[in-house]
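Subject: Structure handover

Hello,

Here is the structure for your project. My notes on it follow below.

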Amino acid sequence: MLQCIFILSDSGEVILEKQLTGHKVDRSICSWFWDQILSQGDALKLVPVITSPTHYLFQVVRDGIIFLGCTQVEMPPLLAIEFLYRVANVLSEYLDGLNEDLIKDNFVIVYELLDEMIDSGFPLTTEPNILREMIAPPNLVGKVLSVITGTTSNVSSTLPGSTSSCIPWRKADLKHSSNDVYVNLVEEMDATINRDGVLVKCEICGEVQVDCHLSGLPDLTVSFTNPSILNDVRFHPCVRFRLWESNQILSFVPPDGKFNLMNYRVKKLKNVPIYVKPQLNSDSGTCQISVMVGIRNDPGKPIDSVTVQFKLPACVSSSDLSSNCGSVSVLADKSCSWTIGQMPKDKTPSMSGTLVLQEGVERLHVFPTFQVGFKIMGVALSGLKIEKLDLKNLPSRPYKGFRALTQSGDFQVRS
């Protein structure tokens with residue numbers, strides 16, 4: 001069991017401390033942890049489990065915020081890590097983001113959420129839709145009422161409907177005027193392309209997101225045309241795992257509202273939708289830069305929100321960049337952003353210009369890495385397709401909808 005949870009900022013400050021058992025964990029453990037971060041670098045933030053002289057530490061980093069769980073007793077590490085991920089997801093959903101100021105401004109709500117999510121060191125209620133029934137999300141009206149009435153608690157005086165239900169993630173006797181369910185495939189493409197233009201790595205991390213508004217106690221089944229391509233699958237607790245193992249079918253009684261049904265990974269893809277060709281030639285204290293962007297494999301849908309970002313080397317003193325499509329901006333920290341928007345079909349977007357090197361530097365020895373962003377609506381580039389969605393135990397015929405979205409994740413091109 002977890003004995004304490006700390007929430008730390010990216011500077012090591014303890015934003016919130018939540019003691020979970022009768023055994024108090026001293027805050028000095030956070031000082032020890034941050035000393036290790038400073039001595040070993042940010043690489044330690046990638047290590048989920050750390051052993052200190054007195055405690056086992058579990059950490060999850062989200063948007064610069066560190067969720068640190070502590071215990072002195074043996075426990076399954078995946079249980080602690082998964083719970084911390086759930087806490088990060090719930091807070092991000094409640095606060096519409098996650099940063100130090102949001103947590104401080106909504107300290108009471110964050111503390112109340114932790115009270116309901118974990119009891120005596122063991123996870124209790126982690127479903128967002130059930131937590132919303134118990135604790136009202138922050139809003140302007142709620143803040144005004146708390147000032148007028150003097151009430152600081154956001155906890156509901158009545159128990160959530162799920163307490164009378166045989167299914168913990170869904171309340172009993174749900175009724176909707178219109179029954180509908182939407183299934184969305186949301187994918188992120190991670191790719192690395194070396195300076196020769198060769199695709200070194202390409203994989204997709206995807207989610208099956210469901211937005212469900214169905215009356216009663218529906219039973220849903222989702223089947224795919226090609227489930228064999230999926231790797232590293234992770235399911236919502238509502239999924240019947242044995243049926244997936246035997247038939248590769250998702251069978252479940254859904255929570256009400258939006259939830260993440262499944263996460264997956266598709267590895268060793270051979271194609272990417274766009275190409276980026278950078279060229280840098282330096283001599284006599286200057287560097288000529290040229291970057292071209294185009295469609296490599298047409299996905300059949302428009303490629304939107306195309307951006308190319310990179311950081312100028314430290315030895316560059318000034319730059320003069322322009323493009324034939326979109327806009328180019330260079331910030332004071334030497335980060336450059338080229339915003340193209342929707343990929344045009346009548347011309348090839350290109351950016352060119354001159355970089356002036358610092359005095360005494362003749363040639364460029366450090367070359368930038370280009371981070372590429374894009375978004376494609378209506379297509380899943382992994383090739384995953386939903387074959388059918390069956391619904392049972394419904395009082396009326398529902399409306400079903402399917403959508404797909406592929407966007408860039410860690411998509412980098414080296415020069």
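The structure holds 7 aromatic pairs. One of them is formed by Phe-374 and Phe-411, whose ring centres are 5.6 Å apart with the planes at 85 degrees, so the pair is edge-to-face. Phe-374 belongs to strand S21 (residues 369–377) and Phe-411 to strand S23, so this pair ties together parts that are 37 residues apart in sequence. Both Phe-374 and Phe-411 are buried. Elsewhere, ring pairs link Phe-235, Phe-241 and Trp-244 into a cluster. Please keep in mind throughout that this is a predicted model.

Two arginines are placed against aromatic rings. Arg-132 has its charged end over the ring of Tyr-94, at 5.2 Å from the ring centre. Arg-195 lies over the face of Phe-367, and there the distance to the ring centre is 5.4 Å.

Next, the nonpolar cores. The largest one has 66 residues, and Leu-250, Leu-261, Phe-374 and Phe-411 are those with the most contacts inside it. Strand S8 (residues 180–193) gives the most to this core, contributing 6 residues. Phe-374 and Phe-411 thus appear both in the edge-to-face pair and among the residues with the most contacts in the largest core. If neighbours within four places in sequence are left aside, Leu-250 is in contact with Leu-220, Thr-221, Val-222, Phe-224, Phe-235, Val-239, Trp-244, Leu-261 and Met-262. That list includes Phe-235 and Trp-244, which also belong to the aromatic cluster. Apart from the largest core lies another, of 33 residues, with Leu-84, Leu-98, Ile-103 and Leu-113 among them.

On the cysteines: the count comes to 0 disulfides. The cut-off used is 2.5 Å between cysteine sulfur atoms. For Cys-287, the closest cysteine sulfur is that of Cys-315, at 8.6 Å, which is too far for a bond. For Cys-325, the closest cysteine sulfur is in Cys-336, at 15 Å, and this is also too far for a bond. Cys-287 counts as buried, since its relative accessibility is 0%. Cys-325 is buried too, with a relative accessible area of 11%.

Two loop residues have side-chain polar contacts that you may want to look at.

Thr-126 is found in the loop between strand S7 (122–123) and helix H5 (128–134). With 16% relative accessibility, Thr-126 counts as buried, the limit for that class being under 20%. The side chain of Thr-126 makes a polar contact of 2.7 Å with the side chain of Arg-86. Not counting residues up to four places away in sequence, Thr-126 touches Phe-83, Arg-86, Val-90, Met-117 and Leu-131. Arg-86 is therefore on the list of residues that Thr-126 touches as well as being its polar partner.

Ser-396 sits in the loop between strand S22 (386–392) and strand S23 (399–414). Strand S23 is also where Phe-411 lies. At 37% relative accessibility, Ser-396 counts as partly exposed. The side chains of Ser-396 and Asn-179 are joined by a polar contact of 3.0 Å. Computed along the chain, Ser-396 and Ile-386 are 10 residues apart, and in space their C-alpha atoms are 23 Å apart.

Regards

Methods. Residues numbered from 1 in each chain as written. Predicted model: local features only at pLDDT ≥ 70, side-chain atom pairs only at ≥ 80, totals over all residues. Heavy atoms only, no water. Buried < 20%, exposed > 50% of the residue type's maximum accessible area, 1.4 Å probe, protein only. Helix = DSSP H or I, 4+ residues; strand = E, 2+ residues; numbered from the N terminus. Polar contact = N/O pair within 3.5 Å; in protein donor to acceptor, adjacent residues only side chain to side chain. Phe/Tyr/Trp six-rings, centres within 6.5 Å; stacked < 30°, edge-to-face > 60°. Lys NZ or Arg CZ within 6 Å of the ring centre and 35° of its normal. Core = buried A, V, L, I, M, F, W, Y, C linked by side-chain atoms within 4.5 Å. Contact = heavy atoms within 4.5 Å.
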